[in-house]
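Hi,

Here is the structure I promised to pass on. Have a look at it first, and my notes follow below.

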Amino acid sequence: LSLLTVGSALAAALGLLALLAQLGFKQYYLLRSMISVVILGAGVDYVIFMIFRYLEEKGVQSSHETAVKRTALHAGGAVILSASTVLIGFSSLALSSIGILQSIGIGLALGILLTLIGALLTIPSALSIINERILWPKRTIPDFAIRLAVFRRMANYCVTKPKRVLALGLLATAALGAVISTISTTYSDLEMLPPFESKRGIETILSSFGAAPLSQTQIVVATREPLFTDGKVRVDLYQAIDRLHSEISNIPGVYSEYTYGPTRPRGSYITPDGVDRSSISQFVDEEGRTFVITASLKSFYTDDEAFSTVEKIREKASEVVKEEAALNGAEVLVGGGAAFYLDLTNRINHDFFYLIIPAACTGIFLILLVALGSVLLPLRLLATTAMSAIWAIAILTLLFQYGLGVKIYWLTPL
């Protein structure tokens, strides 16, 4: 039954994703792997839950028909409620402005929906047809008393000493929350990959030449007035661009000797009188209004040090533009790998804490409020879920970051 439910849901999900791709839905390259794992986990969970309910009904001498009906009614309802909360959680990712998260959210929500439909359609029908042959090769209903003895003792302890259990849980959550505050994430796929030839090449470059060949940052300046007028250089604009170049090259974390631009195309300053337009064409566009300064960073572009350097470059560029009259009204854009991942980090943090989490919590609360008819129960369930997430991420941090010395890939906590 598990294979039937999971297999049908997975086949339908992958087929629908392929169709959506043909219609223009862009998919993150890891989505197919992620949706397979999610469907496998959710599908097996739904099947086990419903089959155990069926066996429990049979264990209390219910008829086969009654057991199937009660399973579909009670276990099916619980599965629908559970899947609905998961659907809301995944769908909330689609609110992000980051296409990666949108793709993952929509894809995984689709996978859960198809798994739910598959479970509700296949399990009651299969139970009706297979009957007690589902126990094959056994012929009797299993006794759950022994298997559930440990859980029963745990439940009794929680009921008899609720304050102690709650206090221990809150203390453990606080301690693990402190661990999460030290989490160090990475955007580098390089650290996660096996030793491909390309990876070994990059590592060789880093060890032999530093990050300069790989961590270039571009500072783009778009001005209102062109640099060249009647074939002559506007000296004030030229000097303002050179000041920007010098200020950036003097920032800690930037290789000054590997910073190039219109005024220093080979690293050395060229006076306005000695400028040949053709010699700086790679740094100035044809209209002479857009310029690019290329700075090489001392840190790999996915490192926190590189992010810090990019922030300093942006601050310094903004300062120079405000102080130089020739750059009045100019637009300065800082790009490159480090700048891209810095912007991605900031946007993900913003979307996660201000859009995704509030939307997911609100949606789940409303679903549980309608289903359970209580205000406190949904709040308690949300608190329990938050506690579980804190424990999971903290244990992940302890195991990989502190145990193995490996940073956590940025998608994992999400």
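How many bridges join strand 5 to strand 6? There are three, and the two strands run antiparallel. One detail to look up in the viewer: Tyr255 has Ser296 in strand 6 as its bridge partner. Please keep in mind that this is a predicted model.

Now the whole sheet. It is open and made of four strands in the order 5-6-2-7, with antiparallel pairing. Strand 5 and strand 7 are at the edges with a single partner strand each, so one side of each has no neighbour in the sheet. From one strand to the next, the twist averages 25°.

Helix 10 packs on this sheet, where it touches strand 2, strand 5, strand 6 and strand 7, and its direction makes about 165° with that of strand 7. Helix 11 lies across strand 2, strand 6 and strand 7, at about 95° to strand 7.

Helix 10 itself covers residues 304-323, and its 20 residues reach 29 Å from first to last C-alpha, close to the expected 28 Å. Which of its residues are buried? They are Ala306, Phe307, Thr309, Val310, Ile313, Ala317, Val320 and Val321. These residues sit on the same side of helix 10, because they cover an arc of only 160° around the axis. Glu315 and Lys322 are exposed, on the face turned away from that buried side. Besides the four strands of the sheet, the buried residues of helix 10 pack against helix 9 (235-249) and helix 11 (337-372).

Happy to talk it through whenever suits you.

Best wishes

Notes
Residues are numbered from 1 along each chain as its sequence is written. This is a predicted model: local features need pLDDT of at least 70, side-chain atom pairs count only at pLDDT 80 or more; totals for chains, interfaces and linings use all residues. Side-chain values use heavy atoms; hydrogens and water are left out. The expected span of a helix is 1.5 Å times one less than its number of residues. Buried means under 20% relative accessible area, exposed over 50%, partly exposed in between (1.4 Å probe, protein chains only). The arc is that of the directions from the helix axis to the C-beta atoms. Contact means heavy atoms within 4.5 Å. Two strands pair if DSSP finds at least two bridges between them. Axes are lines fitted to C-alpha atoms, for helices over the stretch in contact, and angles run from 0 to 180 degrees between N-to-C directions.
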